[in-house]
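Here are some short exercises, each with a worked solution. Keep the viewer open and try each one before reading on.

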Amino acid sequence: MKIELIYDSDCPNVEKARRQLKEALAQSGLEESWKEWDRSARESPEYTRRYGSPTILVEGRDVAGEEPGDGSSSCRVYEGSGGRLEGVPSVKSISLALSSRLSSFS
């Protein structure tokens, strides 16, 4: 399964996004394995520049269901519990994306 973490190097939410991703993978019984892309790095694919930071893609789809943006540098916000805005996707939303992709492989 292809999992990607897209971020800006100065994003204050990257570490928490990694922790959330690790937890979701553990809960799903999957190996801790993903590719990371710094949006500003020359070697990062062009499509990574169209997402805010941090973004987690599972098989090319944003775990929050958002479409890529216009490429401007921006922080992401996600709907958290109780409608609060969070700087990272919830473990639940990542887990749902993982399980959805797993079921499509079966």
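**Exercise 1.** Leaving aside its neighbours within four places in sequence, which residues is Ser 44 in contact with?

*Solution.* First, some ground rules. This is a predicted model, so local features need pLDDT of at least 70 and side-chain atom pairs count only at pLDDT 80 or more, while totals for chains, interfaces and linings use all residues. Numbering starts from 1 along each chain as its sequence is written, and side-chain values use heavy atoms, with hydrogens and water left out.

Step one: contact means heavy atoms within 4.5 Å. Step two: with those sequence neighbours set aside, Ser 44 touches Trp 37, Asp 38, Arg 39 and Arg 49. Step three: place the residue. Ser 44 sits in the loop between β2 and β3, yet it is buried, at 6% relative accessible area. Buried here means under 20%, exposed over 50%, and partly exposed in between (1.4 Å probe, protein chains only).

**Exercise 2.** Work out the pattern that the protein follows along the sequence.

*Solution.* Start with the inventory: two helices and six strands. These are DSSP runs numbered from the N terminus, with helices being H or I of at least four residues and strands E of at least two. Now walk the chain, and you get β-α-β-β-β-β-β-α. On overall dimensions, the C-alpha trace spans about 35 × 35 × 20 Å along its principal axes. As for burial, 40% of the 106 residues are buried. Finally, take the contacts between residues at least 6 apart in sequence: 60% of them join residues at least 24 apart.

**Exercise 3.** Find which elements supply at least two residues each to the largest nonpolar core.

*Solution.* A nonpolar core is a set of buried Ala, Val, Leu, Ile, Met, Phe, Trp, Tyr and Cys residues joined through side-chain atoms within 4.5 Å. In soluble globular proteins, nonpolar side chains tend to be buried together. Here the largest core has 17 residues, and those touching the most other members are Ile 3, Leu 5, Leu 21, Ile 56, Val 63, Ile 94 and Leu 98. The elements you want are β1 (3–7), α1 (14–27), β3 (55–58) and α2. Helix α1 gives the largest share, five residues.

Now zoom in on Ile 56. Beyond its neighbours within four places in sequence, its contacts include Ile 3, Leu 5, Leu 21, Val 63 and Ile 94. Among the others are Tyr 78 and Pro 89.

**Exercise 4.** Decide whether Ser 95 is buried or exposed, and find its contacts.

*Solution.* Ser 95 belongs to helix α2 (residues 91–105). Its relative accessible area is 14%, so it counts as buried. Skip the neighbours within four places in sequence, and the contacts are Ala 24, Gln 27 and Ser 28.

**Exercise 5.** Hunt down the backbone features at Pro 54 and Glu 59.

*Solution.* Take the proline first: a cis peptide bond joins Ser 53 and Pro 54, with omega about -10 degrees. Pro 54 is in the loop between β2 (35–38) and β3. Next, check phi at Glu 59: it's near 55 degrees, a positive value in a residue other than glycine. Glu 59 lies in the loop between β3 and β4 (61–62), and it is partly exposed, at 34% relative accessible area.
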